[in-house]
Amino acid sequence: MSYRLAIFDFDGTLADSFPFFVAVFNQVADKHAFSRIHPEELDVLRQQGAREIMAHIGMPRWKLPLVARTFMSLMKRHRSSIPLFEDIASVLSHLDEKGLILAIVSSNSRENVTQILGSSCRHFRAFECGASIFGKASRLRRVMRQFGVRREEVIYIGDQPMDGEAAATAGVAFGAVAWGYGAVDAFRDLPSLEWFADVNELRRLA
């Protein structure tokens with residue numbers, strides 16, 4: 001691999017927020033009138049993409065901004081209990097020291113992202129937060145323009161199929177992580193990707 005710019009998703013990629021989402025999901029479902037999920041459904045849902053999950057729980061696309069706002073508000077209250085994945089801080093430091101430009105494109109709020117990152121914020125040169133899960137490609141392009149890099153010099157690292165679709169739409173490489181929301185089978189339909197089985201494998205980006 002030879003990249004100048006590595007753009008990261010946040011939830012499930014850098015931050016271990018899946019337990020939080022599971023804990024509050026049914027509360028959000030009740031508020032916005034879509035189906036609850038049960039623990040025995042989680043393994044199956046992690047093998048599906050966002051559109052399949054939304055169909056499963058009966059949530060129309062127009063509700064996405066409202067639902068996202070509720071999740072972000074709840075996370076703001078609980079973010080002190082949401083850690084970065086083990087070794088993420090040291091990996092980000094390594095990549096920064098090696099001269100790789102680091103950026104974030106996330107659906108979460110900038111406030112939540114920066115507060116949870118803490119001192120690791122210093123390694124990132126751009127934050128594109130509050131993106132729709134279906135609108136990340138335009139944010140990826142914006143970061144690319146900001147740093148004047150070519151598509152072949154960029155990789156987007158994420159944990160869900162929608163991240164891979166955004167990377168493909170933007171014309172950049174995609175790296176899928178094994179420790180996030182999506183199980184390996186969730187990426188089966190993506191044409192090509194880099195696979196990172198554990199956090200320290202990210203070091204090979206630089």
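This is a short tour of selected strands, loops, cysteines and aromatic rings, stop by stop. The model is predicted.

**Stop 1: strand β5**

Select residues 173-177, which make up strand β5. Four of the five residues here are buried, so the rest of the structure largely encloses this strand.

Now add strand β4, residues 154-158. β4 and β5 run parallel and are joined by four bridges. To see one of the contacts between them, pick I155: its bridge partner in β5 is A173. Next, trace the chain from β4 to β5. The path goes through helix α8, residues 161-170. This β-α-β crossover is right-handed.

Then add strand β6, residues 194-196. β6 is also parallel to β5, with three bridges joining the two. Pick G175 and look across to β6: the bridge partner is E194.

**Stop 2: two loop residues with positive phi**

Select A33. This residue sits in the loop between α1 (18-32) and α2 (42-45). Its phi is near 60°, a positive value in a residue other than glycine. Is A33 buried or exposed? A33 counts as exposed, because its relative accessibility is 59% and the cut-off for exposed is over 50%.

Move to D87, in the loop between α4 (64-78) and α5 (88-97). D87 is not a glycine either, and its phi is positive, near 75°. With a relative accessible area of 35%, D87 is partly exposed.

**Stop 3: H123**

Select H123, in the loop between α6 (110-117) and β3 (126-128). H123 is buried, at a relative accessible area of 6%. Which residues does H123 touch, leaving aside its neighbours within four places in sequence? Show A89, L92, S93, D96 and L102: H123 is in contact with each of these.

**Stop 4: the cysteines**

Look for disulfides across the whole structure: a search finds zero. Show C121 and C129 to check. C121 is in no disulfide, and its nearest cysteine sulfur, that of C129, is 9.2 Å away. The cut-off for a disulfide is sulfur atoms within 2.5 Å. C129 is likewise in no disulfide, with the sulfur of C121 as its nearest cysteine sulfur. C121 is buried, with a relative accessible area of 18%. C129 counts as buried too, at 16% relative accessibility.

**Stop 5: the aromatic rings**

Display the aromatic side chains. The count comes to 11 aromatic pairs. Zoom in on F21 and F71. What is the geometry of the F21 and F71 pair? The pair is tilted, with 4.9 Å from centre to centre and 55° between the planes. F21 belongs to helix α1 and F71 to helix α4, so the pair ties together parts that are 50 residues apart in sequence. F21 counts as buried, at 17% relative accessibility. F71 is buried as well, with a relative accessible area of 11%.

Now widen the selection to F18, F20, F21, F25, F34, F71 and Y181. Ring pairs link these residues into a cluster.

**Stop 6: arginines over rings**

Stay with F18 and add R46. The charged end of R46 sits over the ring of F18, 4.5 Å from its centre.

For the last view, select R61 and F134. The charged end of R61 sits over the ring of F134, and the distance to the ring centre is 4.1 Å.

Conventions:
Residues are numbered from 1 along each chain as its sequence is written. This is a predicted model: local features need pLDDT of at least 70, side-chain atom pairs count only at pLDDT 80 or more; totals for chains, interfaces and linings use all residues. Side-chain values use heavy atoms; hydrogens and water are left out. Buried means under 20% relative accessible area, exposed over 50%, partly exposed in between (1.4 Å probe, protein chains only). Two strands pair if DSSP finds at least two bridges between them. A crossover is right-handed if, with the strands pointing away from the viewer, the path from the first strand over the helix to the second runs clockwise. Contact means heavy atoms within 4.5 Å. Rings of Phe, Tyr and Trp (its six-membered ring) pair if their centres lie within 6.5 Å; planes under 30 degrees apart count as stacked, over 60 as edge-to-face and the rest as tilted. A charge sits over a ring if NZ of Lys or CZ of Arg is within 6 Å of the ring centre and within 35 degrees of the ring normal.
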